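This report looks at how one protein chain is built, beginning with its overall make-up and going on to its aromatic rings and its inner space. Please keep the structure in view while reading.

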Amino acid sequence: SVLSQKSFGRDPGAAGGSSEEDERRLSRRFGPRMRAPSRGLMIALCLAVAGARSVAPLHEGGPRRRELGVALAGDWVSAFGASALAAPFISTIDMAVMRAAASGSSVGGAVASSVKSGLLRNPASFALSFQSRWTLLVYALTYGASNSAATWAAYARKRSEVATLAGTTALNSASCLAKDAAFARRFGATSAPVPPASLSLFLFRDVLTMACAFVLPAPVAALTGRPGLAQILCPVVAQVLVAGPHLLALDLHNRPHTSLHSRIAFLHARTPETLAFRTLRALPAYGAGVLANKKLRDHWHRRFHCVAEPPLPQARPPASKRPS
């Protein structure tokens, strides 16, 4: 019908148009909407920086501000470098999960098709694609917020857990909501705006994932003595809790008027496969990506003589006993 064709941004007489014409129509249709997430990202960035500074203000006796600027520059260079390494793999799985949820096909088949047609056939073009650019932005902001919060806390001689969780959650949630909304309109079953219920589920997913990726590994590593293993396993365990809400958010967007019984059947059929691939996705995103970001950041801080972490408190000598 004319109404359904208009809802996808196409004219009734343009069924045989080229893909370039479709891209221009989509750009004209979604261009004004895509500027709103950009404003949201800028607001989240300002709030994250302000929150980090309020949690960990610089003290006058600390290192020079020029040294702090060099450390922060290294934080963001490391973040973009690590994100560039992980983005093609993350975006492949994200796009496949979106397409599988919309079309009813298997996630494995969608991943194989994306790898064969994009990642392997033309890696350079795939790295600059729509989905890779969005993923690069999301994880560069996430890693950069974590790095910057830790640097502010180190220079202020404060604990960094609160600042790290606040900064990473603010930027990751804002950027992920914008990315998921763009992906859902591009790869989903409908180009309608993403409903608030889906955005709320995406936000729950992001907060829980940030806590497991940037806050929980430190105490787990202290208990086990295996920091690398803790950094990989904690985000993977989080996927058990967030795979269902993620699928439900996609189904609420793709099928807004379906029955509760149909949604339960959809989740029962799709959750195991989605969980498996989101677990694989967590390895480059919050395992290898975070470890690469940390290695790059530590190298930069050592190279330019920056303070990466606050000094550990010195243990007090035991009090001498008085002779009886």
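A residue is called buried when its relative accessible area is under 20%. In this predicted model, buried residues make up 43% of the 324 residues in the protein. The accessible surface of the protein comes to about 17,100 Å², and carbon and sulfur atoms account for 65% of that surface.

## Overall make-up

The protein contains 11 helices and 0 strands, so that its elements, read from the N terminus on, run α-α-α-α-α-α-α-α-α-α-α. When contacts between residues at least 6 apart in sequence are considered, 78% of them join residues that are at least 24 apart.

## Aromatic rings

A pair of aromatic rings is described by the distance of the centres and the angle of the planes. The count for this protein comes to 7 aromatic pairs, and two of them are set out in the table below.

| Pair | Centre to centre | Angle between planes | Arrangement |
|---|---|---|---|
| Phe130 and Phe187 | 6.2 Å | 70 degrees | edge-to-face |
| Tyr139 and Tyr143 | 6.1 Å | 50 degrees | tilted |

Which parts of the chain does the pair of Phe130 and Phe187 tie together? Phe130 lies in helix α6 (residues 130–155) and Phe187 lies in helix α7 (residues 161–187), so this pair ties together parts that are 57 residues apart in sequence. Both Phe130 and Phe187 are buried.

The pair of Tyr139 and Tyr143 has another setting, for these residues are 4 apart in helix α6, a separation of about one helical turn. Is Tyr139 buried or exposed? With a relative accessible area of 1%, Tyr139 is buried, because buried means under 20% relative accessible area. Tyr143, with a relative accessible area of 0%, is buried as well. Ring pairs also link Tyr139 and Tyr143 with Phe214 and Tyr286 into a cluster.

Charged side chains lie over the faces of some rings, too: Lys179 lies over the face of Phe183, at 4.6 Å from the ring centre, and Arg303 lies over the face of Phe304, at 5.3 Å from the ring centre.

## The space inside

How many cavities of 30 Å³ or more does a search of the whole structure find? The search finds 1 such cavity, and the largest cavity holds about 120 Å³ of space. Its lining is made of 15 residues, among which Asp94, Tyr139, Arg205, Arg278 and Arg281 lie nearest the centre of the cavity. Tyr139, one of the residues in the ring cluster, is thus a name that returns in the lining of the largest cavity.

Several helices share in this lining, since α3 (65–103), α7, α8 (196–215) and α11 (260–303) each supply at least two residues. Helix α7 gives the most to the lining of the largest cavity, with 4 residues.

## A buried glutamine

Gln239 lies in helix α10 (residues 227–254), and at 1% relative accessibility Gln239 counts as buried. If its neighbours within four places in sequence are left aside, Gln239 is in contact with Thr209, Leu275, Arg278, Thr279 and Ala282. Arg278, which is in contact with Gln239, is also one of the residues nearest the centre of the largest cavity.

Conventions:
Residues numbered from 1 in each chain as written. Predicted model: local features only at pLDDT ≥ 70, side-chain atom pairs only at ≥ 80, totals over all residues. Heavy atoms only, no water. Phe/Tyr/Trp six-rings, centres within 6.5 Å; stacked < 30°, edge-to-face > 60°. Buried < 20%, exposed > 50% of the residue type's maximum accessible area, 1.4 Å probe, protein only. Lys NZ or Arg CZ within 6 Å of the ring centre and 35° of its normal. Contact = heavy atoms within 4.5 Å. Areas by Shrake-Rupley, 256 points an atom, 1.4 Å probe, with all protein chains shown as cover. 1 Å grid on protein atoms, 1.4 Å probe; cavity = no way out; pocket = protein on both sides within 12 Å on 5 of 7 lines; lining within 4 Å. Points joined across faces, edges and corners; volume = space filled by probe spheres on them.
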